[in-house]
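The following exercises are intended for a reader who is new to this structure. Each task is followed by a solution in steps.

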Amino acid sequence: MTLSLNLSPDCGNCFALCCTALGFARSADFAIDKPAASPCPNMADDFSCTIHQRLRPRGFRGCTVFDCFGAGQVVSQRTFSGTSWAQDPSSTSSMFAVFKVVRQLHEMLWYLAEAGQRTFDPDLAAAADHLSEAIAAAAQGDASTVLAADVETLHGEVRALLMEVSEEVRASYGAEDQQIPDGGLRAGADLMGANLADRRLCGSDLRGAYLIGANLRGSDLTAVDLLGTDLRGAQLHGADLTKALYLTQPQINAAEGDPTTLLPPQLTKPAHWG
Ligand code: SF4
């Protein structure tokens with residue numbers, strides 16, 4: 001696949017679109033209410049965050065979890081040619097709307113890149129490539145092209161392909177056998193606070209499962225489908241996630257781990273893991 005898009009955030013080339021376009025509600029993740037389409041009071045005039053080094057102690061844990069999948073710099077520098085919403089206020093609503101769409105498109109590209117690499121089926125790899133090219137073309141278009149993208153249909157196509165690849169990859173790890181004795185190890189399962197330490201979970205389908213605060217210390221999550229799995233506060237110390245399926249940086253940012261946690265090479269250990 002000849003995808004030239006960088007799917008990792010480059011905040012230095014972004015007009016703080018996540019700190020302006022998006023809203024958040026006062027909660028355990030955010031110390032204040034902030035409506036969408038308004039600058040965060042902690043944002044400096046140069047779009048940097050004045051409390052960047054102290055986000056968690058200041059009550060902004062949510063900011064350390066969020067990841068734009070590289071949408072911010074593309075919208076700032078490519079779609080709007082390096083002219084910020086502060087320089088041209090007439091572009092503000094369009095820029096914020098485009099950012100929200102491009103983030104969704106980039107997230108789909110992230111998943112498709114993994115699906116294309118993990119499948120053993122050349123036809124599925126080609127389908128992932130084909131879909132990625134269409135999505136990348138939409139993401140790199142002008143503002144009207146981005147806003148015209150049929151995100152819902154694309155989501156459906158991506159989801160179907162991801163599931164097909166997941167079934168294929170998990171089958172090679174005996175996913176079916178893994179699930180029979182463990183009724184809880186299934187897509188969408190409520191596993192909040194569950195003790196799954198030192199388990200060989202290989203090939204399980206935990207797509208959309210709730211693993212909030214679950215203990216996964218020392219477990220092997222090879223070929224475990226983690227698409228949309230809620231890993232907030234999950235204990236990943238010593239766990240092996242190097243070949244987990246569809247794991248993203250925001251999921252890792254929301255979890256707890258340490259230097260012994262093994263991650264796929266495209267993900268980084270969050271600063272709060274120490
Ligand atoms: S606290 Fe900092 S990172 Fe979070 S939204 Fe505000 S300016 Fe952005």
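**Exercise 1. A salt bridge within a helix**

Because Glu-114 and Arg-118 are 4 residues apart in helix α4, about one helical turn separates them. The model is predicted: local features need pLDDT of at least 70 and side-chain atom pairs pLDDT 80 or more, while totals for chains, interfaces and linings use all residues. Residues are numbered from 1 along each chain as its sequence is written, and side-chain values use heavy atoms, without hydrogens and water.

Task: State how far apart the closest N and O atoms of Glu-114 and Arg-118 are.

Solution. Step 1: a salt bridge is a side-chain nitrogen of Lys or Arg within 4 Å of a carboxyl oxygen of Asp or Glu. Step 2: the closest N and O atoms of Glu-114 and Arg-118 are 3.2 Å apart, and the two residues form a salt bridge. Step 3: the whole structure holds 6 salt bridges.

**Exercise 2. The ligand and its pocket**

Task: Determine which pocket the ligand occupies and which residues surround the ligand.

Solution. Step 1: a pocket is an open set of points on a 1 Å grid over the protein atoms alone, where a 1.4 Å probe fits, with protein on both sides within 12 Å along at least five of seven lines; lining residues have an atom within 4 Å of a point. A molecule sits in a pocket if more than half of its atoms lie within 2 Å of its grid points. Step 2: the ligand takes the space of the largest pocket, whose volume is about 1300 Å³. Step 3: the residues around the ligand (a heavy atom within 4 Å) include Cys-19, Phe-24, Cys-40, Asn-42 and Met-43. This shell has 9 nonpolar residues, 1 polar and no charged. Step 4: of the 49 residues lining the pocket, Leu-55, Cys-63, Thr-64, Val-65 and Phe-66 lie nearest its centre. Helix α2 gives the largest share of the lining, 5 residues. By class, the lining comprises 26 nonpolar, 13 polar and 10 charged residues.

**Exercise 3. The second largest pocket**

Task: Describe the volume of the second largest pocket and its lining by class.

Solution. Step 1: the volume of the second largest pocket is about 310 Å³. Step 2: its lining consists of 13 residues, and Glu-107, Tyr-111, His-155, Leu-227 and Gly-228 are the closest to its centre. Step 3: two or more lining residues come from each of α4, α7 (151–171) and α9. Step 4: the classes are 6 nonpolar, 4 polar and 3 charged.

**Exercise 4. Positive phi**

Task: Locate Phe-47 and Ala-223 in the chain.

Solution. Step 1: most residues other than glycine have a negative phi. Step 2: Phe-47, although not a glycine, has a positive phi of about 75 degrees, and its place is the loop between α1 and α2. Step 3: Ala-223 also has a positive phi, of about 60 degrees, and lies in the loop between α8 (175–179) and α9.

Key:
Ala, Val, Leu, Ile, Met, Phe, Trp, Tyr, Cys and Pro count as nonpolar, Asp, Glu, Lys and Arg as charged, and the others, Gly among them, as polar. Grid points are joined across faces, edges and corners, and a volume is the space filled by probe spheres set on the points.
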